[in-house]
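Please look over the sequence and the model shown below before reading the notes. They are arranged as a short briefing, with cut-offs stated where a term first appears.

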Amino acid sequence: MHEYSLVQAVVERIEEEVQKQRALAVHALTVSVGELGGVDPELFRTAFETFRQGTVCEKAALTVRVVPATWSCPACGKAIEKGAVLRCPACDLPAKMGEGSDGLTLDRVELEVP
């Protein structure tokens, strides 16, 4: 249920940007959720629907993009397949998690500015 606190943080960040840009409205926002981020995309959407009432995001459309977890070798860059041992078979190095695999990112905010 930490999705509610995450949504609150996202909305607060957008409110800061609205004030900075002196925006009139927020039309849309896009958030990326990493597969290993521990965030349930459906709960995040539900939390947004609940939390946005009375905020600058009240009429904004939310897009949640799920980022699949990826792994690769930090030396040669070879991709490690899902379900495989997280170690490069050629370099014998531990795999490196791909960017966004475990993150939550506010990718885009569409504002109406005067």
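The points that follow cover the nonpolar core, the cysteines, an annotated histidine and a loop.

This is a predicted model, in which local features need pLDDT of at least 70 and side-chain atom pairs count only at pLDDT 80 or more, while totals for chains, interfaces and linings use all residues. Residues are numbered from 1 along each chain as its sequence is written, and side-chain values use heavy atoms, with hydrogens and water left out. Helices (H or I, at least four residues) and strands (E, at least two) are DSSP runs, numbered from the N terminus.

**Nonpolar core**

- The largest nonpolar core (a set of buried Ala, Val, Leu, Ile, Met, Phe, Trp, Tyr and Cys residues joined through side-chain atoms within 4.5 Å) has 18 residues, and Ile14, Leu29, Phe44, Phe48, Cys57 and Leu62 touch the most other members.
- At least two residues of this core come from each of α1 (3-21), β1 (25-34), α2 (41-51) and β2 (61-67), and the largest share, five residues, is supplied by α1.
- Leu62 is in contact (heavy atoms within 4.5 Å) with Leu29, Val31, Phe44, Arg45 and Phe48, once its neighbours within four places in sequence are left aside.

**Cysteines**

- Cys57 is buried (under 20% relative accessible area, where over 50% is exposed and in between is partly exposed, with a 1.4 Å probe and protein chains only), and its relative accessible area is 0%.
- Cys88 is also buried, at 2%, and its sulfur lies 3.6 Å from the closest cysteine sulfur, in Cys73, which is too far for a bond.
- With a disulfide taken as a pair of cysteine sulfur atoms within 2.5 Å, the count comes to zero.

**Annotated histidine**

- An unreviewed UniProt entry places the feature "binding site" at His2; UniProt positions are given in the numbering used here, feature names are shortened, and annotations may be inferred rather than shown by experiment.
- His2 is found in the segment before α1 and is partly exposed, with a relative accessible area of 38%.
- Not counting residues up to four places away in sequence, His2 touches Gly38 and Val39.

**Loop between α2 and β2**

- Arg52 lies in this loop and counts as buried at 14% relative accessibility, while its side chain reaches the backbone oxygen of Ala60 at 2.4 Å.
- Beyond its neighbours within four places in sequence, Arg52 is in contact with Cys57, Glu58, Lys59 and Ala60.
- Gln53, also in the loop between α2 and β2, is partly exposed at 47%.

Terms used:
Polar contact = N/O pair within 3.5 Å; in protein donor to acceptor, adjacent residues only side chain to side chain.
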